[in-house]
Amino acid sequence: MALDSEPAFISHPAPEQPLAEKPSPVEAIVPDEQTPLLKPDKAMAGNGTPAGIPAPSPRTDHAATAPSGSRRLPQAIAHRGYNVVAPENSMLAFRAAVEVGAHGIETDLHLSKDGVVVLSHDASLKRCFGEDSNVRDHDWSYLSTLRTIRKPAQPMSRLLDLLEYLNQPGLEHVWVMLDIKRDDDAAELVRRTAETIALVPGIRPWKERILPCCWTAQYIKLVKEYLPELWIAHVGFSGIYARALAAHVSGLSFSMQRYMLAMPVTGSRFIRDMKQSGNPIHVWTVNDEDWMEWSIRKELNGVVTDDPKLFLEVCRRATEKEAEGQSRRSIVRSLRIVRRDLYDWVRYLLFIVVLMTIYFFRNGLPWTQVRKTLGN
């Protein structure tokens with residue numbers, strides 16, 4: 001796909017015409033066994049995997065119910081769009097992700113000074129747009145004039161633009177993971193998000209396509225208030241806090257940092273327990289092929305990646321490997337991940353120890369804080 005020139009669809013609002021070409025099929029992928037939030041007559045996307053958000057399921061013995069001889073592959077979730085080939089959180093990156101067959105798109109929410117929900121990972125404009133100021137310092141009329149430092153230069157996108165683009169016929173299978181950032185007034189951001197969604201009546205209900213991702217119990221409470229029809233995910237890196245939320249919020253999905261899920265004993269137990277209780281698990285951010293294969297072996301529900309095309313190719317290859325050979329290689333590759341990323345592992349452990357110590361000191365035990373915030 002040519003990305004060396006500015007495409008027509010970067011102007012606002014989103015493009016009026018559907019894509020000319022469908023994503024190329026990804027054959028031999030075994031579908032996620034959980035029932036997606038989609039009617040039976042539209043249950044499969046063009047690449048052979050279930051369309052829609054992986055739905056929470058009743059508590060079950062996962063090992064006993066997994067189909068014999070099959071592999072449940074994760075969905076490909078494009079991290080800030082297909083940002084390997086286009087500026088992150090741009091309409092170009094989102095469209096590129098759809099064109100290579102991504103099942104879902106992950107993006108980040110912030111507020112402009114005049115209350116417009118914009119798509120930006122950073123609160124600051126410096127890294128992506130070269131402006132030494134913050135998103136919330138400016139009205140949308142000014143933000144819309146900015147262009148990314150990375151080429152091809154792209155304008156900032158609004159949540160409205162993304163929803164209008166995905167509301168085109170033929171794109172109903174693509175769902176959205178909304179990472180609600182914590183730099184703005186929490187209630188206003190969630191309220192404005194709900195108002196923006198209401199402005200675009202979905203050709204397929206948004207409750208089947210939008211998954212708000214909340215870092216804390218406070219944001220979960222607000223999403224329940226302003227968007228009560230939507231499923232909710234917790235995004236984070238602490239298994240302790242995630243378990244506290246799971247005990248108080250039914251049907252919660254999890255989008256967790258990869259080192260947390262790969263921790264010896266604690267990570268494996270978290271994956272096992274969440275599968276048994278029917279809570280979908282996604283992992284971020286996975287760009288290395290060894291980590292992609294690890295995610296496939298763990299049969300997670302979704303992989304958040306900068307390169308959805310590569311991940312789909314890894315999924316295709318995984319289905320073609322013979323069981324015995326794959327088993328031998330998986331051990332070697334797991335050890336290779338640990339050895340190669342040892343510095344990052346140590347840094348993650350130190351970060352978690354310091355962060356959770358500060359959290360306990362300020363807020364008390366996670367179970368106490370979660371129960372107090374959610375009121376149950």
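Begin by selecting Leu159, Leu160, Asp161, Leu162, Leu163, Tyr165 and Leu166 in helix α5, which are buried (under 20% relative accessible area, with exposed meaning over 50% and partly exposed in between; 1.4 Å probe, protein chains only). Extend the selection to residues 159-166 to display the whole of α5, a mostly covered helix in which seven of the eight residues are buried. Helices here are DSSP runs (H or I, at least four residues), numbered from the N terminus.

The model is predicted, so local features need pLDDT of at least 70 and side-chain atom pairs count only at pLDDT 80 or more, while totals for chains, interfaces and linings use all residues. Residues are numbered from 1 along each chain as its sequence is written, and side-chain values use heavy atoms, with hydrogens and water left out.

Next, turn to the salt bridges, each defined as a side-chain nitrogen of Lys or Arg within 4 Å of a carboxyl oxygen of Asp or Glu. The count by this rule is 16. Select Glu88 and Arg80, whose closest N and O atoms are 3.1 Å apart in a salt bridge; both residues are buried. Then add Asp108, Asp122, Arg127, Asp179 and Lys181, which are linked with Arg80 and Glu88 in a network of salt bridges.

Move to helix α2 (residues 91-99), where Glu99 and Arg95 lie four residues apart, about one turn of the helix. Their salt bridge has its closest N and O atoms 3.2 Å apart. Arg95 counts as buried because its relative accessibility is 17%, whereas Glu99, at 25% relative accessible area, is partly exposed.

Select Asp273 and Arg272 for another salt bridge, with an N to O distance of 3.0 Å. Asp273 has a relative accessible area of 19% and is therefore buried; Arg272, at 42%, is partly exposed.

Now display helix α8 (residues 239-246) together with helix α15 (residues 366-374): their axes come within 9 Å and cross at roughly 40°. The two helices are therefore oblique to one another.

Finally, show the surface of Ile240, Phe360, Leu365 and Trp367, which make a nonpolar patch of about 360 Å². Such patches consist of residues with over 30% relative accessible area and no salt bridge, nonpolar side chains (Val, Leu, Ile, Met, Phe, Trp, Tyr) being joined within 5 Å and like charges within 9 Å. Within the patch, Phe360 belongs to helix α14 (residues 342-363) and is partly exposed, because its relative accessible area is 33%.

Note on methods. Areas by Shrake-Rupley, 256 points an atom, 1.4 Å probe, with all protein chains shown as cover. Axes fitted to C-alpha atoms, helices over the stretch in contact; angles between N-to-C directions. Parallel < 35°, antiparallel > 145°, perpendicular 65-115°, else oblique.
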